[in-house]
Amino acid sequence: MKKIKVIVCGVRFGKFYLEAIMGDSENFELVGILARGSDNARECAKKYGVPLYTDINQLSKKDVDMACVVVRSSVVGGEGTKLALGLLEKGISVIQEQPVHLDDYIQCMKIARNSMCRYQVNGFYAGLPNVRYFINSARKVFAMTTIRHLSVDCTIQVLYSTIDIIGKIVGGLTGVQVIAKSIQVPNEPFVTIELKASDLPISLRVFNCLDPKNPDNLYLLQRISMITDSGTLMLTDTNGLVLWHASMPQITREQTKGLWENQMPVTTILNHQDNVDQEYIYKKIWPSGVRYTLRGFREKILENQFFDNTIQQGLEVCRLWKQIGKEIGKAEVIEYVEKKTIELSELR
């Protein structure tokens with residue numbers, strides 16, 4: 001089995017990529033870290049036993065098959081897009097962490113095509129185990145009953161990834177249209193965007209508040225409910241449970257005895273899992289999600305599939321993210337408040 005030689009650019013969020021790669025030595029070989037040379041970067045290079053590069057010119061296609069660019073992109077004030085373009089020009093395939101501006105995505109795709117290598121944006125959250133489970137369950141439900149409504153909550157920071165997830169649930173974003181939006185009022189953190197995918201109405205509620213001093217302070221990730229004629233499929237949280245809540249049976253004058261004797265469970269946990277702590281999420285669950293995505297990317301490289309239908313899907317995510325971002329407008333500025341930890345005993 002051929003190993004893909006990988007370099008990771010960025011060591012903050014990039015640590016999840018580093019753990020993912022090191023946990024799959026059969027498929028990947030970590031050959032270096034590209035960063036600015038901070039103490040954190042030097043410590044990571046030492047920990048994983050690889051060279052630390054500080055200049056993209058130190059890298060070449062003969063030494064690197066694939067680069068994971070886990071640095072903020074230009075649309076959020078970072079150098080990630082510049083790095084991606086430079087690596088693609090060298091013929092190195094690039095998977096870039098979201099979000100990416102539509103114009104930057106198109107430019108990266110053009111360079112990738114000219115260099116005969118692969119470019120892809122990682123929406124990240126769609127690759128996590130619980131989210132994948134929900135998406136797979138949703139696709140099965142689509143085939144079995146009528147879907148009446150899809151309701152999605154997220155924060156502004158993960159809007160790009162949420163749109164990616166919606167696209168995977170409904171089978172693509174090409175026909176998705178923005179129908180209406182609500183007006184954000186003071187002290188109301190959510191802005192609601194009404195979408196439509198063919199005949200399916202979608203309500204997307206975005207927590208549109210941000211502390212500029214603490215932009216990574218997330219009040220929630222993703223919560224999703226899909227209402228159908230047979231029941232409601234729910235994802236309680238990106239790291240939470242997938243639930244099936246069966247519809248209550250129809251009550252008619254003729255139906256009495258059968259109603260009282262109906263033993264169908266009201267709510268069923270579909271993805272059975274033990275209670276996990278935050279450490280387990282960061283050390284195990286999130287790296288496993290990255291590993292899942294990187295394996296798919298690796299297969300495409302080995303098969304020389306540099307251009308496929310994921311290109312159009314990525315384009316549609318960028319397009320809709322840009323459009324919804326304009327509809328939502330600027331985030332309301334809030335001041336970071338330290339989160340209180342609630343003990344479980346206090347809830348019982």
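Start by selecting Thr 81 and showing its neighbours: leaving aside residues up to four places away in sequence, Thr 81 touches Ser 73, Ser 74, Gln 96, Asp 104 and Cys 108. Keep in mind as you go that this is a predicted model.

**Stop 1: around Thr 81**

Colour helix α3, residues 80–89, and you will find Thr 81 in it. Is Thr 81 buried or exposed? Its relative accessible area is 3%, and Thr 81 counts as buried because that value is under 20%. Now add Ser 60 to your selection and draw a distance between the two C-alpha atoms: Ser 60 and Thr 81 are 21 residues apart along the chain, and the separation is 18 Å.

**Stop 2: the six-stranded sheet**

Next, switch to a cartoon view and look for an open sheet of six strands. Reading across, the order is β3-β2-β1-β4-β5-β6, and the pairing is parallel. Which strands sit at the edges? They are β3 (52–53) and β6 (119–122), each of which pairs on one side only.

Zoom in on β4 (residues 66–69) and β5 (residues 93–97), a parallel pair with four bridges. To see one spot in this region, select Cys 68 and then Ile 95 of β5, which stands opposite.

Now bring in helix α4, residues 102–115. This helix lies across β5 and β6, and its direction makes an angle of about 145° with β6.

**Stop 3: three backbone spots**

Stay with this part of the chain and select Gln 98 and Pro 99. The peptide bond from Gln 98 to Pro 99 is cis, with omega near -5°. Pro 99 itself belongs to the loop between β5 and α4.

Move on to Met 116, in the loop between α4 and β6. Met 116 is not a glycine, yet its phi is positive, at about 55°. With a relative accessible area of 47%, Met 116 is partly exposed.

Then select Phe 124, which you will find in the loop between β6 and α5 (129–144). What is the sign of phi at Phe 124? It is positive, about 65°, although Phe 124 is not a glycine. Switch on a surface here: Phe 124 has 2% relative accessibility and counts as buried.

**Stop 4: two helix pairs**

Select helix α1 (residues 14–22) together with helix α2 (residues 39–48). They pack at an angle of about 5°, and their axes are 12 Å apart. That angle makes α1 roughly parallel to α2. Show the side chains to see who makes the contact: Lys 15, Leu 18, Glu 19 and Met 22 come from α1, while Asn 40, Cys 44, Lys 47 and Tyr 48 come from α2. Sorted by class, the contact of α1 with α2 has four nonpolar, one polar and three charged residues.

For the second pair, select α5 and helix α6 (residues 159–170), whose axes cross at roughly 35° and come within 8 Å. From α5, display Val 131, Phe 134, Ile 135, Ala 138, Arg 139 and Phe 142; from α6, display Ile 165, Lys 168, Ile 169 and Val 170. What is the make-up of this contact by class? The contact of α5 with α6 has eight nonpolar, no polar and two charged residues.

**Stop 5: the eight-stranded sheet**

Go now to an open sheet of eight strands with mixed pairing, in the order β8-β9-β10-β7-β12-β13-β14-β15. Its edge strands are β8 (176–181) and β15 (267–269), each pairing on one side only. Rotate the view to follow the twist: on average, neighbouring strands of this sheet are turned by 20° against each other, direction ignored.

At the β8 end, β8 pairs with β9 (residues 190–197) in the antiparallel sense over five bridges. Select Val 178 and its bridge partner in β9, which is Leu 195. Then show α9, which lies across β8, β9 and β10 (200–207) and runs at about 5° to β8.

**Stop 6: Asp 308**

Finish at Asp 308, in the loop between α8 (278–302) and α9 (309–328). Asp 308 counts as buried, at 18% relative accessibility. Which side chain shares a polar contact of 2.4 Å with that of Asp 308? It is the side chain of Thr 310. Not counting residues up to four places away in sequence, Asp 308 also touches Arg 118 and Lys 300.

Methods
Residues numbered from 1 in each chain as written. Predicted model: local features only at pLDDT ≥ 70, side-chain atom pairs only at ≥ 80, totals over all residues. Heavy atoms only, no water. Buried < 20%, exposed > 50% of the residue type's maximum accessible area, 1.4 Å probe, protein only. Polar contact = N/O pair within 3.5 Å; in protein donor to acceptor, adjacent residues only side chain to side chain. Contact = heavy atoms within 4.5 Å. Pairing = 2+ DSSP bridges. Axes fitted to C-alpha atoms, helices over the stretch in contact; angles between N-to-C directions. Parallel < 35°, antiparallel > 145°, perpendicular 65-115°, else oblique. Nonpolar A, V, L, I, M, F, W, Y, C, P; charged D, E, K, R; others polar.
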